[in-house]
Amino acid sequence: EEGGMDSVAMLAAKESLRKKQDNESDAKESSRLKAEKEGELLRLGAARAEKAKGNDAFKANDLPGALLHYTRAMAALPDGDKEEAHLILSNRAMVHLKAKSFLLAESDSSAAIAANGKWGKAYHRRGVARYNLGRLEEALVDLESALKMEPGSNATIDEIRNVRQLQTAKRRANGEAEPSPAKPVKPVKGGTDA
């Protein structure tokens with residue numbers, strides 16, 4: 001016996017105390033998780049509000065204002081959010097394109113692609129940035145990727161045409177022959193790839 005209690009009563013008291021402590025611990029954890037989730041929702045709301053301000057500034061042709069708001073939107077986003085990140089980054093890339101900051105446009109477009117590899121506008125914008133940086137082969141790859149994702153995009157079709165025309169003009173200026181159309185590869189009889 002401990003302090004006048006029999007062992008059964010003592011075990012019951014200890015179990016009751018443990019359950020009470022577990023319930024308090026669970027309540028604290030639940031409260032912490034709820035506060036964390038509320039914080040993430042507040043940050044997401046702030047990011048969306050800044051994105052909307054950026055959109056308004058862009059429409060008003062206020063490029064510095066748009067850039068500021070899109071940058072604030074990225075800073076407000078909860079860690080790991082990719083759903084809004086690719087949209088904000090792609091929008092900020094468009095601001096950089098308009099401002100002729102092609103390296104920054106390429107960087108934001110690449111980050112948008114990393115966040116969502118199925119966002120055709122990000123490939124389009126990176127392709128335009130690379131075109132303006134003179135990296136025509138990379139631009140063409142990006143623009144063709146964008147066109148696969150958004151087959152009806154006249155803007156992307158026009159950009160592909162621009163890239164190909166510039167490639168042709170550069171080849172002619174350098175005295176290079178026009179590339180011949182790709183020939184189908186014929187299988188080798190009797191061989192294996194192994």
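## The main core

Which residues touch the most other members of the largest nonpolar core? In this predicted model, the answer is A66, Y70, L77, A85, I88 and V95, out of a core of 19 residues. Several helices chip in: α1 (7–59), α2 (63–76), α3 (85–98), α4 (102–115) and α5 (120–132) each give two or more residues to this core. Helix α2 gives the most, with five residues.

Let's zoom in on V95. Leaving out residues up to four places away in sequence, V95 touches F58, L63, A66, L67 and Y70. There's also a second, separate core of six residues, and L136, A139, L140 and V163 are among them.

## The overall layout

Now for the whole chain. The protein chain has seven helices and zero strands, so if you read along the sequence, you get the pattern α-α-α-α-α-α-α. The chain has 194 residues, and 30% of them count as buried.

How much of the contact comes from residues 24 or more positions apart? Among contacts in the protein chain with a separation of 6 or more, such pairs account for 48%.

## Helices α3 and α4

Two packed helices are described by the angle between their axes and the distance between the axes. For α3 and α4, the angle is about 165° and the axes are 8 Å apart. Angles over 145 degrees count as roughly antiparallel, and that makes α3 roughly antiparallel to α4. The crossing of α3 past α4 is left-handed.

Who makes the contact? On the α3 side you'll find A85, H86, L89, S90, R92, A93, H96 and L97, while α4 brings F102, L104, A105, D108, S109, A111, A112 and A115. Sorted by class, this contact of α3 with α4 has 10 nonpolar, four polar and two charged residues.

## A closer look at A93

Is A93 buried or exposed? This residue of helix α3 has a relative accessibility of 0%, and because buried means under 20%, A93 counts as buried. Skipping residues up to four places away in sequence, A93 touches A105, D108 and S109.

Here's a fun pairing to find in the structure: A93 and R125. They sit 32 residues apart in sequence, yet their C-alpha atoms are 6.9 Å apart in space.

## Helices α6 and α7

Further along the chain, helix α6 (residues 136–149) packs with α7 at an angle of about 155°, and their axes are 9 Å apart. That angle makes α6 roughly antiparallel to α7. The crossing of these two helices, α6 and α7, is left-handed.

The α6 side of the contact is made by L136, E137, A139, L140, L143, E144, A146 and L147. From α7 come T156, I157, E159, I160, V163, R164, L166, Q167 and K170. By class, the contact of α6 with α7 has 10 nonpolar, two polar and five charged residues.

## Q167 in that contact

Where does Q167 lie? Look in helix α7, which covers residues 154–173. Its relative accessibility is 9%, so Q167 counts as buried. Not counting residues up to four places away in sequence, Q167 touches L136, E137 and L140. Two of those names may ring a bell: L136 and L140 are included in the second, separate core.

Note on methods. Residues numbered from 1 in each chain as written. Predicted model: local features only at pLDDT ≥ 70, side-chain atom pairs only at ≥ 80, totals over all residues. Heavy atoms only, no water. Core = buried A, V, L, I, M, F, W, Y, C linked by side-chain atoms within 4.5 Å. Buried < 20%, exposed > 50% of the residue type's maximum accessible area, 1.4 Å probe, protein only. Helix = DSSP H or I, 4+ residues; strand = E, 2+ residues; numbered from the N terminus. Contact = heavy atoms within 4.5 Å. Axes fitted to C-alpha atoms, helices over the stretch in contact; angles between N-to-C directions. Parallel < 35°, antiparallel > 145°, perpendicular 65-115°, else oblique. Left-handed = near helix turned anticlockwise from the far one by under 90°. Nonpolar A, V, L, I, M, F, W, Y, C, P; charged D, E, K, R; others polar.
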